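Let's take a walk through this model together. Keep the viewer open and turn it as we go.

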Amino acid sequence: MPDLKESALLSVENLQVHFRTPDGVNRAVDGVSFSIQSGETLAIVGESGCGKSVTSMSILRLLPEPPARLAGAIRFEGRDLLSLPEREMRRIRGNAISVIFQEPMTSLNPVLSVGRQIGETLRLHQGLSRKDAEERAVEMLALVGIPEPRRRVREYPHQLSGGMRQRVMIAIALACSPKLLIADEPTTALDVTIQAQILDLMRDLKRRVGAAIMLITHDLGVVAEVADRVVVMYAGRKVEEAAVRDLFRTPRHPYTRGLMGAVPRLGAAERPGAPQRLAEIPGMVPSLKTRIDGCVFAGRCPSVTDLCRSHAPALEPKAPGHLAACHYAPKDALAA
Amino acid sequence: MFGFLVRRVLAVIPVMAVVGLFVFSLLSLAPGDPAALIAGDQASPADIERIRASLGLDRPFLVRFGEWAWRILHGDLGTSIFTNLPVTTMIGQRVQPTVSLMLVTLIFAVLVAVPLGVVAAWKAGRLVDRLVMGAAVLGFSVPVFVVGYLLAYVFALELGWLPAQGYTPIEQGVGPWLANLVLPALTLGLVYIALIARVTRATMLDVLQQDYVRTARAKGVAQGSVLFVHALKNAAVPIVTVIGIGIALLIGGAVVTETVFAIPGLGRLTVDAILRRDYPVIQGVVLLFSFTYVLVNLAIDLLYTLIDPRIRY
């Protein structure tokens, strides 16, 4: 999709994030590329430690350097974020690009009032006065569905429930109407019922604000629910990318198929001949500290061959708009 | 909140009662007989006995304690055995230099130590951090009198920038008053700065790891504001605690510092009173110091509720 790249809101090109550790270099992200169009929801899926959170943190340049070393390019509205001076970068954070973090219980500052934390971004980026910022904070709280916003705005995080705190986080993130919202496992720490509410809220707000969303998750249910397109990451690399419908209908990479097998399905065990247990992917994610010559998934792949161990498969189109990095992924005639 | 305030203030009473009993009995148990001291070398045992009776020292311990406590509650700390002046008058004459010294030291130390600790935590493991922490170890280990004489030698005698000794009352101008306090405050403050800087660094190191600091950065908050608003406010409870505890350090250090710099304050009064076994003065000064310390801790307990909204009584 080279033509799309030009118009993309965000394009990450060959991103490499390496951490220097006492026992070697950790290649947390190793040559990942993807792009997000305005208003699109892109999901990045993978196990813990596959580099998805590191990718999102490098977009905002929030990784401490050193030990992190970033290479490649991250273009946002045509500007390379990796070469931007820190001052310029600060103007983008919380303004054009904002984040919702995974842990609502610990991501809010316990000693600052909710109103001050929402208002802070408005005062920083839009130069609002303290009073106007608080007014806007009340509106934001109402927007994210917090009852009695005028009272809540003066409260502190410990006086709110987990779901409410995540709503406050969303209010902070959306206060300046960002063009890109990075949601890093936004629902993982919440109750299932609250999860649904938060997802509904995000979808609703996305419609209103028109922000693109980069959703980082390991929850395929969430992906099916909200994403337009999906990038599957494994051991610091992108192994598959497709529109959400294509991915769920015909996953082409064995790792993606493994992920889907690891999702519980109601009634699946009662079917005759069905496995009694949840399918798991055998083995462990390889260490990111050793260079892997072959396919990164070779050690755990059920259909691994000698070719996989010696030669890394290229990430190539297997169907229109569907990329996968596997020698043996089924390939549609049209794609070639 | 109001209930807490009342309870917390009432709790001062038993604490001070115990302090009073301790102060009173400590001096009764200490060697040396004030009656014999006043009577002089030539006195007969009968003379000593008469003086002892006139001082009331022949009556039972608890009776004396009761009377003593009753008088103190009425603002009468007794009369100095040595100068025959009321102890309250003697303390009154000496209060200003000591309060000046402690306040200047306190403000100076906090203004220096907290930023040093914050920067050390921010640059943990780097050169700045090592320098600050190295200096802190030095601050802990060098005795007050060594620092005092060293500073006086360099800045007063050699360079002549500041007066080496004495005290100028604030009524004679803030400039001269402050000039006389710079070296003593530096001397007294060194250990205090080291203590506060270390605690600030340790607490900030922990706070900077927290998720909400990352949130602040993700919001586009500038580094200084991340450190001194978002993080420092969360680190404030331990820092304020150690500042309060350190007041005891200042009180102890003031005695030595005032001696080194010839400041006519409460520290000197204490030392002189001990050397003369001037019991009422010793008791008065120790009670005053204890009471100050108890009040400081009370103030800190109340301050917690302002710093951290999660602390409610």
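**A tilted ring pair, and onwards**

Start at B:Phe155, which is partly exposed, with a relative accessible area of 26%. A little further along is B:Trp161, and this one is exposed, at 61% relative accessible area. The two rings form an aromatic pair, with 5.9 Å from centre to centre and 45 degrees between their planes. That angle makes the pair tilted, because stacked planes have to be under 30 degrees apart and edge-to-face ones over 60. Bear in mind that you're looking at a predicted model. Searching the whole structure, over all chains, turns up eight aromatic pairs.

Now step back and take in chain B as a whole. How many helices and strands does chain B have? The tally is 13 helices and zero strands, so reading from the N terminus you meet α after α. The C-alpha trace of chain B spans about 85 × 55 × 35 Å along its principal axes. Of the 313 residues in chain B, 42% are buried. If you take the contacts in chain B between residues at least 6 apart in sequence, 71% of them join residues at least 24 apart.

For one place where chain B meets itself like this, find B:Val260, in helix H11 (residues 223-260) of chain B. B:Val260 is buried, with a relative accessible area of 8%. What does B:Val260 touch, once residues up to four places away in sequence are not counted? The list is B:Phe145, B:Gly148, B:Tyr149 and B:Gln165. Look at B:Gln165 in particular: B:Val260 and B:Gln165 are 95 residues apart in sequence, yet their C-alpha atoms are 8.0 Å apart in space.

Next, more rings. B:Phe24, B:Phe61, B:Phe65 and B:Trp68 are linked by ring pairs into a cluster. One of these, B:Phe24, also turns up among the contacts of B:Arg64. B:Arg64 is found in helix H5 (residues 61-73) of chain B. Is this arginine buried or exposed? With 17% relative accessibility, B:Arg64 counts as buried, because the cut-off for buried is under 20%. Leaving aside neighbours within four places in sequence, B:Arg64 is in contact with B:Phe24, B:Ser28, B:Gly56, B:Leu57 and B:Arg59.

Charges and rings meet elsewhere too. The charged end of B:Lys123 sits over the ring of B:Trp122, 4.2 Å from the ring centre. Another case involves both chains: the charged end of B:Arg214 sits over the ring of A:Phe101, 3.8 Å from its centre.

Let's turn to how two helices pack. Two packed helices are described by the angle between their axes and the distance between the axes. Helix H6 (residues 87-122) and helix H12 (residues 266-275), both of chain B, pack at an angle of about 135 degrees, and their axes are 7 Å apart. H6(B) and H12(B) are therefore oblique to each other, since an angle has to be over 145 degrees to count as roughly antiparallel. H6(B) brings B:Met90, B:Ile91, B:Arg94, B:Val95 and B:Thr98 to the contact, while H12(B) brings B:Leu266, B:Gly267, B:Arg268, B:Leu269 and B:Asp272. Sorted by kind, the residues of this contact come out as five nonpolar, two polar and three charged.

Follow the chain on from H12 and you come to B:Arg277, in the loop between H12 and helix H13 (279-307) of chain B. Phi of B:Arg277 is near 50 degrees, a positive value in a residue other than glycine. B:Arg277 is partly exposed, with a relative accessible area of 35%.

Chain A has a similar topic to show. A:Glu148 is not a glycine, but has a positive phi of about 50 degrees. A:Glu148 lies in the loop between helix H5 (130-143) and helix H6 (149-152) of chain A, and is partly exposed at 48% relative accessible area. A:Arg61, which follows H2(A), has a positive phi as well, near 55 degrees.

Helix H2 (residues 52-59) of chain A is mostly covered, with seven of its eight residues buried. Among them are A:Lys52, A:Val54 and A:Met57. To finish, find A:Leu220 in helix H9 (residues 220-226) of chain A. A:Leu220 is buried, with a relative accessible area of 8%. A:Leu201 is 19 residues away along the chain, and the C-alpha atoms of A:Leu220 and A:Leu201 are separated by 18 Å.

Conventions: Residues numbered from 1 in each chain as written. Chains lettered and ligands numbered in written order. Predicted model: local features only at pLDDT ≥ 70, side-chain atom pairs only at ≥ 80, totals over all residues. Heavy atoms only, no water. Axes fitted to C-alpha atoms, helices over the stretch in contact; angles between N-to-C directions. Helix = DSSP H or I, 4+ residues; strand = E, 2+ residues; numbered from the N terminus. Parallel < 35°, antiparallel > 145°, perpendicular 65-115°, else oblique. Contact = heavy atoms within 4.5 Å. Nonpolar A, V, L, I, M, F, W, Y, C, P; charged D, E, K, R; others polar. Phe/Tyr/Trp six-rings, centres within 6.5 Å; stacked < 30°, edge-to-face > 60°. Buried < 20%, exposed > 50% of the residue type's maximum accessible area, 1.4 Å probe, protein only. Lys NZ or Arg CZ within 6 Å of the ring centre and 35° of its normal.
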